[in-house]
Every structure is written in structure tokens, then in C-alpha cells.
Amino acid sequence: MPFGSGDRAQLQQILDQLSRLATEVAAIKQQVADQQHTLDQIRHDTTGAINSGLADIRSVARDAMTRTIDLVGGPLTHVSSEIIALRSAVTQIDGQLRATASHPTAAPEPAPAADPEPPSHPVLGPDPEPVSDPDGGSETEAEPSTPDPAVLRAAAGIAHATVEAHRDTWAFLIQTAGNEQHFHIPGKVDDHEGFVSVRFSGPSLVAAITSLNHIAQTAANPVTQAIAGHIQQKITTAVQEIITRPSSDAEGKPVRIVIDDRAAFAEGAHTTTAD
């Protein structure tokens, strides 16, 4: 019995599905062919490197490692930076709790002397109490000063700046400013044997300057104060150069902040040997 119109329509649908399947199979075959071509090319490059010598093998391995770092290193660096920022937030909260717990609110211990009258001058000790001023009030802890608003405005206008420093210095900067609202952790960090190069935006520079300024003035550890103050000074100096010598066109020198101090070479310096 001849096919009816319904059978022909169903047959046409089946043919259309078979055509689509054939197209998909052809695409998969092309992908497999491309992958095979890539594998053949890698095999060819590797064979050529082996034939060329150990130096070429190292070059190919270095290139392969670079491609792997580009694909994997970015996300891992971002996750690592987020972890550092979270650790920094926990550390700061712990420091605030410790500072609150150690605030001199408890009553002072009685003096060992039998004289009931208080001494006419403050007694020095490991944890001295606040000294009263001549008007009868007590000295309060000075509020930390804020960075120059002109420097912050200039930093906010920077499209991007490259910060180059040791990996430990970069970790300190992340721990200090990582939890600031306007600090954006870069997704890619170029690491060359422990010396990193990171691209910063203007808002991130502003957050870094304010955070470092606060730590440099309030941290209990003098080493922490010194590190924070030095990094802040380096960033501020670069921003002040923009204020002093602003660029009027697109030919200005890109902002580059290098934290790698070293002594200048003295002319005429020489080594002496004993006779």
C-alpha cells in the first residue's frame, strides 16, 4: 500500500534527524582530526627538540609550562589571593579583639609603698596608665592621620599601574588591603623566580595606600609598621610624580612601582687586598 502523507512527513523527519546526526558526526570527526593534528605537531616538535639537543628540550618544556601556567595559574592565583584576604580579615578581627581585651579599663593594682598618698610623678612600668594633663583630663590615644587627599585623588585616576616586588612583599600587601571594599585582587600575577609583577587599578591603589597608612600607624609590631610604611611611601612617591608632572597626552610614562631598594654604585670603589 503506498505511503500516505503522514508517513511521508514522518519519513522526512527521520531523514532530517539523520542529516543532523551526520552533521554532528562530521563535526566530531573534524575535532578528532584537529586534536590528532595537534598531537602530531607536539610529537613532531618534541622529536625535533630531542634531535636538536638538551637546550631545545628545555625551551619546549619551558614554553609548555608557560602555557600551563596561563591556563591554570590565573584561577589558582585568584583563589590563593582570596584565601590570603580572608586570612587577613580574620587576623585583623583577632587583633581588634586583642586590642579591646588589653585596653586599660581594669582598676590599677595598689602600690606596694605604705604611703597612701599618690606619687607626684607617673610611675614607669611595663603597662603605664594614661597620664593626666594639667586641666585634670586624661590623655587620649591620638587618632591616626589620613593620607593626603590630593594623593588619593591622583591614585584614583590611574587606569593601571604595575607593582613589582618580592613575593613576600606582595603577600603582605594582600594581607593588609585584601579586605578593603575597593581593593580588587588581580586575577593574574607574573612570578619570575620569586619576584612578582602585578597590575593594579586606581581604586586598588587608593585602598592599598589607606590600608598601609593605617597599619603603619596602629600596628603593635614595629616590624609590621616599618614594612607597611615603606610600601606606602613607594606607592605615594609614584603617585606624587603624577601630581608634579602630569601628562597632557597619551605619551606619558606608564606608572611602574618597583619595591626593590639597593645601594647606588659608588664611583671609584675598589677592593683592596692585603700584601
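Trainee: Which residue is the bridge partner of glutamate 164 in E4?

Mentor: Valine 258 is the partner in E4. Keep in mind that this is a predicted model.

Trainee: What makes E1 and E4 a pair?

Mentor: Two strands pair if there are at least two bridges between them. E1 and E4 have four bridges, in the parallel sense. They therefore count as paired.

Trainee: How do you know that strand E1 also pairs with strand E3?

Mentor: Apply the cut-off of at least two bridges again. Six bridges join E1, residues 161–166, to E3, residues 195–200. These two strands run antiparallel. Alanine 161, for instance, stands opposite phenylalanine 200 in E3.

Trainee: Why is the pairing in this sheet called mixed?

Mentor: Strands of a sheet can pair either parallel or antiparallel, through backbone hydrogen bonds. E1 with E4 is parallel, and E1 with E3 is antiparallel. Both senses occur, so the pairing is mixed.

Trainee: What makes E2 and E4 the edges of the sheet?

Mentor: Look at the order, E2-E3-E1-E4, in an open sheet of four strands. Strand E2 (190–192) and strand E4 (255–258) each have a single partner strand, so one side of each is left without a neighbour in the sheet. Neighbouring strands here are turned by 20° against each other on average, direction ignored.

Trainee: Which residues of E4 lie on the covered face, and which on the uncovered one?

Mentor: Val255 and Ile257 are on the covered face. Arg256 and Val258 are on the uncovered one. In a regular strand the side chains alternate between the two faces of the sheet.

Trainee: Now the helices. Why are H4 and H5 called roughly perpendicular?

Mentor: The range for that term is 65 to 115 degrees. The axes of H4 (residues 167–177) and H5 (residues 202–218) cross at roughly 90°. That value falls inside the range, so the term applies. The axes come within 9 Å.

Trainee: Which residues meet there?

Mentor: From H4, Phe172, Leu173, Thr176 and Ala177. From H5, Ala207, Ala208, Ser211, Leu212 and Ile215. Seven of the contact residues are nonpolar, two are polar and none is charged.

Trainee: Where do these elements sit in the whole chain?

Mentor: The chain has six helices and four strands. Along the sequence the pattern is α-α-α-β-α-β-β-α-α-β.

Trainee: How many of the 275 residues are buried, as a percentage?

Mentor: Buried residues make up 21%. The cut-off for buried is under 20% relative accessible area.

How values were computed
Residues are numbered from 1 along each chain as its sequence is written. This is a predicted model: local features need pLDDT of at least 70, side-chain atom pairs count only at pLDDT 80 or more; totals for chains, interfaces and linings use all residues. Side-chain values use heavy atoms; hydrogens and water are left out. Buried means under 20% relative accessible area, exposed over 50%, partly exposed in between (1.4 Å probe, protein chains only). Axes are lines fitted to C-alpha atoms, for helices over the stretch in contact, and angles run from 0 to 180 degrees between N-to-C directions. Contact means heavy atoms within 4.5 Å. Ala, Val, Leu, Ile, Met, Phe, Trp, Tyr, Cys and Pro count as nonpolar, Asp, Glu, Lys and Arg as charged, and the others, Gly among them, as polar.
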